[in-house]
Structure formats: C-alpha cells, structure tokens
Amino acid sequence: MRFGGIVALDDISFDVGHREICGLIGPNGSGKTTLFNCISGFYRFPRGDIVLDGVSLAGMPRHRIAGLGIGRTFQNVALFRSMSVRDNLLVGAHHLGRTGFIANALRAGGVRTEARTAAERCGELLALLDLNEVAGTVVAALPFGTQKRVELARALMGGPRLLLLDEPAGGLNHEEVAALGELIRRIRAHFALSVLLVEHHMNLVMSVSDKVVALEFGRKIADGTPAEVRAEPEVIRAYLGDGGND
Amino acid sequence: MRAPLLIIALLLAAAVLPPIFASGYQLFQLTLVAAYAVAILGLNLVTGFNGQVSLGHGAFFAVGSYVTAILMDRWDVPYWATLPPAALICAALGFLIGLPALRLGGLYLALTTLALAAATPQILKYRLLESWTGGVQGIVILKPDAPFGLKLSGDAWLYLFTLAVATLLFALTANLVRGRIGRAMIAIRDQPLAAEAMGIDLAMFKTRTFAVSAMLTGVAGSLAAVAIGFVSPDSFSAALSITFFVGMVVGGGASIAGAVFGAAFIQFVPNIADQVSKSAPGAVYGVILIACIFLLPQGVAGLLRHTKRA
Ligand SMILES: Nc1ncnc2c1ncn2[C@@H]1O[C@H](COP(=O)(O)OP(=O)(O)OP(=O)(O)O)[C@@H](O)[C@H]1O
Ligand SMILES: [Mg+2]
C-alpha cells in the first residue's frame, strides 16, 4: 500500500486467532491506521490479501465489510454528530436490518420487530459502557473520552467477530486507561470476539494483548507474546529512536 | 422531536375547517400551501436529511405538473388518477439524476441542479415537445367539481383533496425517516465514511433518497397544477427552485413539520411584502427573509423544539 512516494504498508503478514486480543504498535506514521483502512475497504491495496475466516476482503465493497463481522472505531472519532448517542448506536445495527424504504414508510410488521431487537441490544450496550445518562444527548456535545466510548458501543451494535480499535485510550487519564483494559477483556469474553488493538499506551497493550505485532515505516519488525516483543531489539530501537514512549 | 399524535390530530381537525368560512380565493391559497408543503418535504428529504443539496427541485415540480396536465388534456384521465403516474415518472427521473449526483456532491451538485432548474422552462418550450406541452402557451385544464354529489364548491373540494393527499404523504415520510432508513440518511450526511463502515450502501441510499424526494415534489406539482388549472413553462423558472429552497431553510432543515411552515412562508410572505410596499416588494421580502434566518437559525421547527424543551 503506497501513497505517492510513501510506502505506507509493505509486506506485512500476521494472524489474529479467534477470541484473541492482538495489539498493534508502532511509532507515529508507521501504518497502523492505514492497515485498519485497508481492512475497512477505505483504501484499496494493490497487492496481498486480507482474509477473514476464509473470505478475502480484497476488492470487497466498503458497505459489505460490516456484514462480514468487522466493526471498528476511528482514531479521531467519526460519530454522526447531529444524532443522539442512542441513534448513533442504532446506526451501528444498520447492517443487521433488512427492511427497505417501502416497508419503513408503511411501518410494516417487520419494521417494528427489527426496531425492538435493535432497541434491546442498544439498551444492553448503553448499560455496559455506562452511557445511560447521556443516551439522549447529541454526541457533538460530549467530551472526547465519552465520544470514544460511544464509538466503541456503536461498533459493538453490529455484533462483530473482529473488533478494530484505533487508539481507544486517546483522551483518557491513567485510571481510565486501566479501566479500559478491563473493559476490552470483558467485551472479548462477553461477545466472544477477536480484537485488533492499536495503542500508544504500552502498559495497556502489553497487559491486555495475547499477542503483539510491531510496525515501523510500514514493515513488521516483530510479533509474538507481549514479553517477546518487548524484548525485541528492533522494537526497543524503534521506540527509543522515536523519543521513547510511556 | 416527533409531535405527539394528539397535537397532530388537533391540527388536522383545524385544517379541515376552512371550507366552512374561507372564501374561494383563500381556499385556493391554502391548497397551494398544502401542495408546496409536499414539495418542500421532498426537497428536505434529500437536502436536509441526506445532505445532497438540490437547487433544482422546481424541475421535478414542473414534470409532475406537466404529467398531470398532459394526461388530463390529451387522454381525459381524471385528475386523481394522474397522481400515481406523475409519482412514478418523477421517481424514475430523480433516480437518474441521483446517479451523477453521487459523483458530484457538495457545491457542484448544487450548481448542477441549479442548471437543471434553469433549463426547465426551455425544455418545456422545446418545439419537438410542443404537441404535448403546448409550447409557450402551456395547457389549460378543467378544474374538477366535488364528486359523489357532495355539496361543496370546487375550491373547497380541491382543498380537502389536496390536504388528504398531503397528509398521507407526510405520514409516510415521517414513518420513513423515524427508523432505520431515516437514520441511515442522516448518517450519510453527517459522516459518510463511518456510515459505510456501519454497512450503509451509500450509492443505493443516495439514489433512492433522490428518487423518493423527486417523487414527493413531483406529486406536489400535480396537485398544484390541478388547483391552478393551468401549466406554462414560465411558471417553472429557476426562481421556483430557489423559492422551495428558501421554504426549506425557513421551515427548518431535516424537519418534517418545518415543511408546512416553509410552505406558508413562500405562499404568504410575498403577498405581505406586496402590501407593505407596492414599489419594492422584493426588498421587503428579502428583509423578512433575513430577519427569519437571524431570529430562527434552525427554522421554525427548531424554535418549536426549543420551546418544548424549555
Ligand atoms: N490518505 C493518505 N494520503 C497520503 N498519505 C497517507 C494517507 N494516510 C496515511 N498516509 C501516510 O501513511 C503513513 C502511515 O500513516 P498511518 O496514519 O497509517 O500511521 P499510524 O501508524 O496510524 O500513525 P499514528 O500513530 O500517528 O496514528 C504516514 O506516512 C502517513 O503520512
Ligand atoms: Mg493512526
């Protein structure tokens, strides 16, 4: 994957197992978000392949990715700003719905059943992520940390098998980061999903991940257990060269 | 955001009363308000809810008007039976225009639709179409009488008929936007990339929204043509499209009820401006418009939302 002269991703290969939390680390600009965007279909990669349970994502239309069971959050938050928290979550369940324009205009039976199912799921996630109090608030009015939680809830609404989290700890303080680690593990257990976690908070990544992949300049420089990756000379060099972290 | 059913029922009850006391001309004006409300509702769906700015909805209004006029004039189709074909033709047209709109977006889409609006009168005057459209002369259609031996004037009947059709279309549209489909429309407007990541098919939604929008505005054109009893190319200049746009903004973007206020505005404020100053009604209209936009930045519907919350 390249942008003009920049090779943003080069010959990267790794696996995320079922119900595994895989940390993805690397200095700024190393290609972590670009990798997410390739998985989401926002960027078309010219070579290589990304496979989810035997299904290739290459050339897959963007709107089909959610239906395959991939949910994601965005580094800089991409919520539907004019909508309430609840409505943002409900959009997250969009791909689970089947009713079209005509059924909705006539408010046919299927529409009500579908709405009820989505509302129940929404209620659960609002409670799980402690968003009940702001359920009716327009998201643009919420602090960044809360918006990140709304995004996480929205991604979970679609019932993903693989959850992509791009810097979920952005804007959180130390205790909140620790709580987030707990939450990610709880979510994995509760929803039986795999997580690909991009984070600069080393402590968080190292404590929740089963496995860590390290990137630098679009190349994989290490992968393995958190302890192995932490001990890898390439990783130490990349992070020290980057001015250190945490 | 949704008005309670009781309020809607009371408003509807009030809306059927004018035939008792209003003059024929007043009823005619109210009929136009109902038709314009549907036209603005259509525009609001695609522009207010979905974020695809159209400055050319007068074109769909014109097509709806002409389909009705031609069917009544050449084939003696009863006025009410012209509504479904007008709806279908305008929906198809809207869908087709929605396709290039996918690639344009933003200001370019606004300009392209404005060009469509500007071309509409000329297309209607086009010589090869003259045997259908009546060219510059337009088409005169007969005003229908009340059916079933009802003791109502033609104006009263047409008002009630238009009101009934408008109410039905408002109810269907309100249903459409309050659930899954409406949320997807707004999601696309707010954050298209995230909408796609949620599984929303942008191309499908945008073209269908354009089609439904054009259909509503086209039916509004049919209703207005029957009420006015006459169609001619120059009634469908680009100014009409801009007027609808003004109505949408004044009523409130992305608001169902706002369309009614917007329609009342574009129907009555020019008359008021005319009474205030015979020499410069345009300037008075402009001042009223600017005042509205300053005082009600979110339209009349936005004001009502705030008072309800306070
Ligand atoms: N749309 C784009 N156009 C051009 N260059 C891009 C684009 N997206 C990313 N890049 C470049 O690709 C490289 C990788 O960027 P990416 O955003 O994936 O890094 P990252 O690992 O997510 O960094 P960070 O930790 O700062 O979020 C950078 O050099 C960036 O400038
Ligand atoms: Mg990034």
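This passage describes the fold of chain B, its interface with chain A, a magnesium site and several individual residues in a predicted model. Residues are numbered from 1 along each chain as its sequence is written, while chains are lettered from A and ligands numbered from 1 in the order in which they are written. Because the model is predicted, local features need pLDDT of at least 70 and side-chain atom pairs count only at pLDDT 80 or more, whereas totals for chains, interfaces and linings use all residues; side-chain values use heavy atoms, with hydrogens and water left out.

Chain B contains 15 helices and two strands, where helices (H or I, at least four residues) and strands (E, at least two) are DSSP runs numbered from the N terminus. The radius of gyration of chain B is 19 Å, close to the 19 Å that the globule rule gives for 310 residues, so chain B is as compact as a globular protein of that length. This radius is taken over C-alpha atoms, and the globule rule is 2.2 Å times the number of residues to the power 0.38. The C-alpha trace of chain B spans about 55 × 50 × 45 Å along its principal axes. Of the 310 residues in chain B, 52% are buried; buried means under 20% relative accessible area, exposed over 50%, and partly exposed in between (1.4 Å probe, protein chains only). Among contacts in chain B with a separation of 6 or more, 79% join residues 24 or more positions apart, a contact being heavy atoms within 4.5 Å. About 14200 Å² of chain B is exposed, and carbon and sulfur atoms supply 71% of this area, as computed by the Shrake-Rupley method with a 1.4 Å probe.

The interface between the chains brings 28 residues of chain B into contact with 28 residues of chain A. Together the two chains bury about 2600 Å², 64% of it on carbon and sulfur atoms. R180(B), R183(B) and M198(B) supply 30% of the area that chain B buries against chain A, more than any other three residues. Buried area here is the accessible area (1.4 Å probe) that two parts lose on being put together, summed over both. T209(B), in helix α11 (residues 202-228) of chain B, is buried at a relative accessible area of 0%. Leaving aside residues up to four places away in sequence, T209(B) touches F101(A), L45(B), V46(B), N50(B) and M185(B).

The magnesium ion (ligand 2) has the protein donors T33(A) (OG1) and Q75(A) (OE1), lying 1.9 to 2.0 Å from it. T33(A) belongs to helix α1 (residues 32-39) and Q75(A) to the loop between β6 (70-72) and α3 (85-92) of chain A, so the pair ties together parts that are 42 residues apart in sequence. Donors are N, O and S atoms within 2.8 Å of the metal (3.2 Å for Na, K and Ca); water is not among the atoms, so sites may look incomplete. Both donor residues are partly exposed, T33(A) at 24% and Q75(A) at 27%.

The loop between β6 and α3 of chain A also holds V77(A), whose phi is near 65°, a positive value in a residue other than glycine. V77(A) is buried at 14%. R19(A), in the loop between β2 (6-7) and β3 (21-25) of chain A, likewise has a positive phi, near 60°, and is partly exposed at 44%. Most residues other than glycine have a negative phi.

Over all chains there are zero disulfides, a disulfide being a pair of cysteine sulfur atoms within 2.5 Å. The sulfur of C22(A) is 16 Å from the closest cysteine sulfur, in C38(A), too far for a bond. C22(A) is buried at 0%, and C122(A) is buried at 2%.
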